[in-house]
Amino acid sequence: GVACEDAEFACERVQRRVSSSPMAVPSELGPLGDDAAQRSSYARWVVLFLLCSMSFVLYLDRVCISQAIAPIGEQFGLSNTQKSIVLMAFTLAYGLFEMPTGHWGDRYGARRVLTRVVVWWSIFTMLTAGALGFTTLVLIRFLFGAGEAGAFPNAARIMATWFPVRERGVAQAAFLASSLLGGTIAPVAAAYLIGQWGWRWP
């Protein structure tokens, strides 16, 4: 009757407002033939490229310490136990802060949290080269892990926002493959750089 027609008309108006809204995420947009939707289509692949680059560098940076620990231990006179503690400090902090940082992404936005993660790990990469001994090295590595935690859950949140369900498998696969590629290249690259300039410079 009249009520059904009114309800259908109201639904059509809501759908038109959502599709025309500048705040709509790509999965809410109309056919890709539309110019705005096409731009969003391009934009989401740029977002994926940036996330993959972050993932690549994240693992490149994380694995480098395994090559640097030998010259670090030699310079500071570290025992095998102390070197293990240095390596463990990062992983421990990373695990402890993974869920809280994921929650921050839910509360404050994944983009803000990822920006903080990238800035934090960049600073602590440089600070690692300034370590003066065992204690400062453990402290730096612990704070390093605490700051880098949350990268993956917040990246997953961004991909869920930008990619429709039918494309999320490809996006996740590209993101994870980038991290593994970074982890594969890191030992070779780190060994070469450390051999050329020492562990503090790379």
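Arginine 44 is buried in this predicted model, because its relative accessibility is 4% and a residue counts as buried when that value is under 20%. The partner of arginine 44 is glutamate 167, and the side chains of the two residues meet in a salt bridge with an N to O distance of 2.8 Å. Glutamate 167 also counts as buried, because its relative accessibility is 16%. The pair links distant parts of the chain. Arginine 44 belongs to helix H2 (residues 35-76), whereas glutamate 167 belongs to helix H7 (residues 165-197), and 123 residues separate the two.

**Salt bridges**

In general, side chains of opposite charge can pair when their charged atoms come close. How many salt bridges does the structure hold? The structure holds two. In addition to the pair described above, arginine 157 and aspartate 106 bring their side chains together in a salt bridge, at 2.9 Å from N to O. Arginine 157 is in helix H6 and aspartate 106 is in helix H3 (residues 80-108), so this pair ties together parts of the chain that lie 51 residues apart in sequence.

Are arginine 157 and aspartate 106 buried, partly exposed or exposed? Arginine 157 is partly exposed, with a relative accessible area of 39%. Aspartate 106 is likewise partly exposed, with a relative accessible area of 49%. Both values fall in the partly exposed class because that class lies between the cut-offs of 20% and 50%.

The table lists the salt bridges with their N to O distances.

| Basic residue | Acidic residue | N to O distance |
|---|---|---|
| arginine 44 | glutamate 167 | 2.8 Å |
| arginine 157 | aspartate 106 | 2.9 Å |

**The overall fold**

The protein has seven helices and zero strands. Read along the sequence, its pattern is α-α-α-α-α-α-α. Of the 202 residues in the protein, 33% are buried. Among contacts with a separation of 6 or more, 76% are between residues 24 or more positions apart.

**Helices H4 and H6**

Where the axes of helix H4 (residues 110-128) and helix H6 (residues 151-162) approach one another, they come within 9 Å and cross at roughly 145°. The crossing of H4 and H6 is left-handed. On the H4 side, the contact is made by Ala110, Arg111, Val113, Leu114 and Val117. On the H6 side, it is made by Ala151, Asn154, Ala155, Arg157 and Ile158. Sorted by class, the residues of this contact are seven nonpolar, one polar and two charged.

Two residues of this contact show opposite surroundings. Arginine 111, in helix H4, counts as exposed because its relative accessibility is 69%. The C-alpha atom of arginine 111 is 9.4 Å from that of arginine 157, although their positions lie 46 residues apart along the chain. Alanine 151, in helix H6, counts as buried because its relative accessibility is 0%.

Which residues does alanine 151 contact, leaving aside its neighbours within four places in sequence? They are Met54, Leu58, Leu114 and Val117. Leu114 and Val117 also appear among the H4 residues that make the contact with H6. The C-alpha atoms of alanine 151 and serine 55 are 8.3 Å apart, with the two residues separated by 96 residues along the chain.

**Helix H5**

Helix H5 (residues 134-148) has 15 residues, and at 1.5 Å a residue it should span 21 Å. Its end C-alpha atoms are 21 Å apart, which agrees with that expectation. The buried residues of H5 are Leu137, Val138, Ile140, Arg141, Phe144, Gly145, Ala146, Gly147 and Glu148. Glycine 150 follows H5 and has a positive phi, near 95°.

Phenylalanine 144 has its place in helix H5. This residue is buried, because its relative accessible area is 2%, which is under the cut-off of 20%. Which residues does phenylalanine 144 touch, not counting those up to four places away in sequence? They are Asp61, Phe90, Trp120, Trp121, Phe124, Thr125 and Thr128. The C-alpha atoms of phenylalanine 144 and isoleucine 123 are separated by 8.7 Å, and these residues are 21 residues apart along the chain.

Conventions
Residues are numbered from 1 along each chain as its sequence is written. This is a predicted model: local features need pLDDT of at least 70, side-chain atom pairs count only at pLDDT 80 or more; totals for chains, interfaces and linings use all residues. Side-chain values use heavy atoms; hydrogens and water are left out. Axes are lines fitted to C-alpha atoms, for helices over the stretch in contact, and angles run from 0 to 180 degrees between N-to-C directions. Helices (H or I, at least four residues) and strands (E, at least two) are DSSP runs, numbered from the N terminus. A crossing is left-handed if the near helix is turned anticlockwise from the far one by less than a right angle, and right-handed if clockwise. Contact means heavy atoms within 4.5 Å. Ala, Val, Leu, Ile, Met, Phe, Trp, Tyr, Cys and Pro count as nonpolar, Asp, Glu, Lys and Arg as charged, and the others, Gly among them, as polar. A salt bridge is a side-chain nitrogen of Lys or Arg within 4 Å of a carboxyl oxygen of Asp or Glu. Buried means under 20% relative accessible area, exposed over 50%, partly exposed in between (1.4 Å probe, protein chains only). The expected span of a helix is 1.5 Å times one less than its number of residues.
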